[in-house]
Amino acid sequence: MPCVGDWLNSPLSIVQGIFAQNVPNSDWEKKVTEYFREKLKENNATNWVPSLNDVPVHYLKPNSLVKFRCMVQDMFDPEFYMGVYETVDPNTNARVLHFGKYRDVAECGPQQEIDLNSSQTVTSERQTFYCVPVPGESAWVKEISFLTDASQARVSPSTSYTPSRHKRSYEEDEDMDLHPSKQKEQHMGNSCCSGGDIHGCVEPKRLETEASAGHHVISPNCSPTLDLNFPLPGEKGPACLVKVYESWESFKVNDVLEVFGVLSVDPVLSIVNSEERDSSTLDPMECMDTAEEQRVHSPPASLVPRIHVILAQKLQHINPLLPACLNEEESKTCEFVSNFMSELSPVRAELLGFLTHALLGDSLAAEYLILHLISTVYARRDVLPLGKFTVNLSGCPRNSTFTEHLYRLIQQLVPASYHLRMSIESMNHSRFIPHKDYTANRLVSGLLQLASNTSLVIDETQLEQGQLDTAGVHNVTALGNLITWQKVDYDFNYHRMEFPCNINVLITSEGRSLLPSDCQVHLQPQIIPPNMEEYMSSLLTAVLPSVLNKFRIYLSLLRLLDYSISDEVTKAVEEDFVEMRKNDPESVTADDLHKMLLVARFLSLSAGQTTLSRERWLRAKQLEALRKARLQQQKCVNGNEL
């Protein structure tokens with residue numbers, strides 16, 4: 001068991017120690033980073049760090065070490081702060097150096113003043129990210145992450161902390177934010193006892209119950225005055241201002257991060273910011289920020305806490321059942337990966353059976369759904385994204401709950417997803433494309449601001465006749481660009497800016513979709529259940545949790561594997577294609593070759609093979625022949641093109 005000491009409960013005291021030992025040497029910052037990096041490597045110590053994804057902010061100790069799994073929704077302008085500053089005692093003229101890093105408010109002793117003209121002052125720069133929980137993150141991801149962390153953190157002393165205001169309701173928090181004078185009075189009244197933790201004896205079991213209940217009841221979404229700017233409707237969880245001190249240029253909007261840093265929820269932040277907004281004496285020439293920009297960039301800390309990042313990493317995936325970082329080299333030597341790959345064949349067979357039942361007995365559609373779920377954009381050639389595999393599942397029952405239930409099953413398999421019900425009303429009135437609000441100087445989110453590898457299920461079966469307005473046309477165009485080019489053009493008023501993405505799109509429709517797709521599979525149900533809801537629910541209950549977890553690992557892991565085609569197989573494929581063109585020059589095109597190679601790629605990966613074999617190539621040709629024959633048959637039946 002790692003020692004959960006000052007580094008977890010009072011990280012700033014550790015920073016202070018390193019700072020005091022190394023000043024004026026500038027290496028103290030690197031030593032702080034290395035210290036915490038080494039600590040977090042010990043005995044799964046990352047699981048001991050409380051997570052903002054799991055625990056309500058008001059149960060976390062201010063200035064303690066926390067972690068947050070999030071997506072970068074927006075990046076604010078860089079800000080300057082006092083990295084090092086000097087205080088002086090007017091009575092004794094004694095001088096003390098302090099660090100300003102990892103803090104929002106400069107601290108000094110009761111008889112000290114900050115010497116703004118000191119030659120020791122160092123002005124530094126940091127970047128602020130506005131971060132939100134990963135949009136569409138599945139409930140099972142949250143649950144497994146919480147259980148993994150809670151199993152370690154339950155016995156941690158830091159979880160026994162309850163702040164002095166833990167019994168105050170969230171409505172009272174809002175009242176404090178709206179009436180800063182009340183908050184100021186309370187803050188002044190409590191400042192004398194800020195040095196001690198007087199609530200360290202609260203029973204962990206009782207706190208654990210209160211925290212889990214609070215996670216569901218107390219939501220930042222309840223503020224009527226503050227839009228937390230979540231991309232998807234109905235999302236819950238904290239939004240955070242994440243202050244990054246090193247290598248912020250390596251991160252970009254829509255990246256998924258896991259950050260470890262110092263939690264800052266100082267009530268003074270709300271007081272200062274409210275006073276700045278309420279002040280009418282500010283010279284407009286001195287204050288360039290508008291009131292709206294101040295409100296958005298400096299929200300109440302109780303609703304949007306700050307995290308001062310000590311360590312941050314970009315996540316390849318958010319599946320808690322897999323190791324967090326798993327690059328191509330590690331995947332070849334990792335014991336976890338090799339053990340799982342040895343039992344891949346039965347897992348694939350079980351998953352195929354599960355999806356076949358979900359698709360009403362259609363095994364061909366189930367094969368293509370597996371290929372779709374493990375597809376990913378692995379490279380870009382000029383503007384063309386390679387590896388995207390959007391599937392249009394046509395033949396779905398109209399005005400039925402089939403797509404709704406199919407989505408619920410997919411939601412149980414993938415880490416992040418969203419169900420987009422396509423209707424005239426939703427197209428005309430939803431905001432799909434993020435746009436820049438220059439008044440507030442922020443990026444206003446849209447439905448298509450999603451993290452990489454999110455599964456987007458578009459339901460066209462609800463679409464009826466009607467008129468699309470200008471917004472609706474723009475939204476449909478945005479969906480088409482997302483599918484074809486894997487990019488979303490964000491609206492910056494005077495220009496558009498391309499943001500590349502990697503979104504798995506599945507379209508369900510009655511006939512051929514209005515939207516483009518890489519592959520159309522016509523559903524041929526072998527069974528028609530009298531009660532769709534009961535049938536689909538029974539599928540999930542019949543699968544053991546351990547088997548369901550294997551499905552989840554399977555789909556996430558195969559996306560991360562490398563893939564190649566040997567020169568020998570490439571030559572054989574070329575010869576085969578030439579022969580196919582000779583036999584049927586009209587119907588076999590270069591697009592068909594590209595599609596077959598794509599199917600062969602994901603077919604190989606689905607079997608755990610990272611190179612294309614002759615056997616897999618022939619199987620890919622067979623699947624494509626069956627799919628095309630089915631479409632041709634449907635075309636003859638209906639008398640129109642699908």
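In the predicted model, helix 12 crosses helix 13 with right-handed geometry. The two helices pack at an angle of about 120 degrees. Their axes lie 8 Å apart. Helix 13 covers residues 363-373. An angle of about 120 degrees falls outside the 65 to 115 range for roughly perpendicular pairs and is not over 145; helix 12 and helix 13 are therefore oblique to each other. On the helix 12 side, the contact involves R348, L351, L352, L355 and T356. Helix 13 contributes S363, A366, E367, L369, I370 and L373. By class, seven residues of this contact are nonpolar, two are polar and two are charged.

Helix 12 also packs against helix 17. Helix 12 comprises residues 344-358, and helix 17 comprises residues 532-542. Here the angle is about 165 degrees, and the axes are 10 Å apart. Angles over 145 count as roughly antiparallel, and helix 12 and helix 17 are therefore roughly antiparallel to each other. The crossing of helix 12 with helix 17 is left-handed. F354, H357 and A358 of helix 12 take part in the contact. Their counterparts in helix 17 are Y535, M536, L539 and L540. The contact of helix 12 with helix 17 holds six nonpolar residues and one polar residue. Charged residues are absent from it.

Open and enclosed spaces were examined next. The second largest pocket has a volume of about 1100 Å³. Its lining consists of 43 residues. Closest to the pocket centre are Q316, T376, S452, N453 and N502. Two strands and two helices each give two or more residues to the lining. The strands are strand 16 (487-491) and strand 17 (496-500). The helices are helix 18 (545-559) and helix 20 (590-606). Helix 20 supplies the largest share, three residues. The lining of the second largest pocket divides by class into 24 nonpolar, eleven polar and eight charged residues.

As for enclosed spaces, five cavities of 30 Å³ or more were counted. The second largest cavity has a volume of about 50 Å³. Among the residues that line this cavity are Y130, L226, D227 and L228. R295, V296, P299, V304 and R442 also belong to the lining. Six residues of the cavity lining are nonpolar and three are charged. No polar residues line the second largest cavity.

Notes: Residues numbered from 1 in each chain as written. Predicted model: local features only at pLDDT ≥ 70, side-chain atom pairs only at ≥ 80, totals over all residues. Heavy atoms only, no water. Axes fitted to C-alpha atoms, helices over the stretch in contact; angles between N-to-C directions. Helix = DSSP H or I, 4+ residues; strand = E, 2+ residues; numbered from the N terminus. Parallel < 35°, antiparallel > 145°, perpendicular 65-115°, else oblique. Left-handed = near helix turned anticlockwise from the far one by under 90°. Contact = heavy atoms within 4.5 Å. Nonpolar A, V, L, I, M, F, W, Y, C, P; charged D, E, K, R; others polar. 1 Å grid on protein atoms, 1.4 Å probe; cavity = no way out; pocket = protein on both sides within 12 Å on 5 of 7 lines; lining within 4 Å. Points joined across faces, edges and corners; volume = space filled by probe spheres on them.
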